[in-house]
Amino acid sequence: MQEGSFIVFLKNKLQRFKGQTVSRATGKSGTDFSAIDFIKIIDINSFGNLIFFVFNDFFLSMNFENSGSLLVNKSKKTEADFSLHFPHSEINFYSCETQIHQGKPTDFFQFPTDILNQKFDGELALSQLQQSFADENIGNALMNQNVFVGFGDLVRTEALYRAKIHPESLVKNIPEKKIIFLIISAVNYADELVEQYKNDEVNAKALIFDKKICPKDKSEIQVKISSENNRKIYICPKCQKLF
Ligand SMILES: [Zn+2]
């Protein structure tokens, strides 16, 4: 799963295509995309790992999953999985899954769970965490797509470090004030990260992700990699309290 912030960064780059008419849509999957030919893009938005191209009666979702990428007016050596062509430009998508849905994105996706969406509802997330994930460790609960959307490895590590919470703390043992601070830290950091992607300074600005020592106390940073999904989390054992 990629950072929701990276997907928002990509979505922002595409905003000039809003209001433009697609001249042709092509994909190598063999799916018929002719419904998209010669129609106008009403909106372009995102949710977690998805970017939506919204048309009048239906929308297209592009799933960037773990390694999806896009290029505007450029192409890779390998054939694009999907392309949107315009009279004077094109967008090429790689390693993305493309789907057409009837209706609107809000009919299918819970935008208030997305930490990068203006509709994000922190109180709902807090009560969900406390009610349904009390016995889970917080590091895992943050990645649960029913509670939060938009967390990648980077936001998870950096938000827990900023809130001084050890990822293996059980949700029920963490004081409510600390969880609220964690949620606020995650939302703020995810927003900052969108800018950092734009300025190519993600690694330089990260405090402990992919680092060897804690900037505060010079402790050695621990790294844990989950065997089942290869996700990484970095921890400062001194700064982050285990509840
Ligand atoms: Zn530290």
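A polar contact is a pair of N or O atoms within 3.5 Å; within protein, one must be able to donate a hydrogen and the other to accept it, and residues adjacent in sequence count only if both atoms are side-chain atoms. You'll need that for the exercise on His101.

Before you start: this is a predicted model, where local features need pLDDT of at least 70 and side-chain atom pairs count only at pLDDT 80 or more, while totals for chains, interfaces and linings use all residues. Residues are numbered from 1 along each chain as its sequence is written, and side-chain values use heavy atoms, with hydrogens and water left out.

**Exercise 1. Place His101 and find what it touches.**

Step 1: start with the strand. His101 belongs to β8, residues 97-102 (strands are DSSP runs of E with at least two residues, helices are runs of H or I with at least four, and both are numbered from the N terminus).

Step 2: is His101 buried or exposed? His101 counts as buried because its relative accessibility is 12% (buried is under 20% relative accessible area, exposed over 50%, partly exposed in between, with a 1.4 Å probe and protein chains only).

Step 3: look for its partners. The side chains of His101 and Ser61 make a polar contact of 2.9 Å. Setting aside neighbours within four places in sequence, His101 is in contact with Phe58, Phe59, Ser61 and Phe108 (contact means heavy atoms within 4.5 Å).

**Exercise 2. Work out how helix α1 is covered.**

Step 1: count. In α1 (residues 4-13), eight of the ten residues are buried, so the helix is mostly covered.

Step 2: name them. The buried ones are Gly4, Ser5, Phe6, Ile7, Val8, Phe9, Leu10 and Lys11.

Step 3: see what they pack against. The buried residues of α1 meet β2, β3 (50-54), β5 (69-72), α5 (153-162) and α6 (176-199).

**Exercise 3. Describe the two domains, then the pocket that draws on both.**

Step 1: get the bounds. The assignment gives domain 1 (4-108) and domain 2 (111-235); such bounds come from an automatic or database domain assignment.

Step 2: relate the two. Taken over C-alpha atoms, the centres of domain 1 and domain 2 are 28 Å apart. Twelve residues from domain 1 and 14 residues from domain 2 take part in the contact.

Step 3: go to the second largest pocket, with about 250 Å³ of space. On a 1 Å grid over the protein atoms alone, a pocket is an open set of points with protein on both sides within 12 Å along at least five of seven lines, a cavity is a set where a 1.4 Å probe fits but cannot get out, and lining residues have an atom within 4 Å of a point. Of the 14 residues lining the second largest pocket, Asp43, Asn45, Pro105, Thr106 and Phe111 are the closest to its centre.

Step 4: trace the lining. β2 (43-47) and α2 (105-108) each give two or more residues to it, and domain 1 and domain 2 each supply at least three.

**Exercise 4. Map the largest pocket and the largest cavity.**

Step 1: the largest pocket holds about 300 Å³ of space. Its lining has 17 residues, and the closest to the centre are Asn137, Gly139, Asn140, Arg156 and Ser226.

Step 2: which element gives the largest share of that lining? Helix α4 does, with three residues.

Step 3: the largest cavity has a volume of about 30 Å³. Its lining is made by Pro112, Thr113, Asp121, Leu124, Ala125, Gln128 and Val147.

Notes: Points joined across faces, edges and corners; volume = space filled by probe spheres on them.
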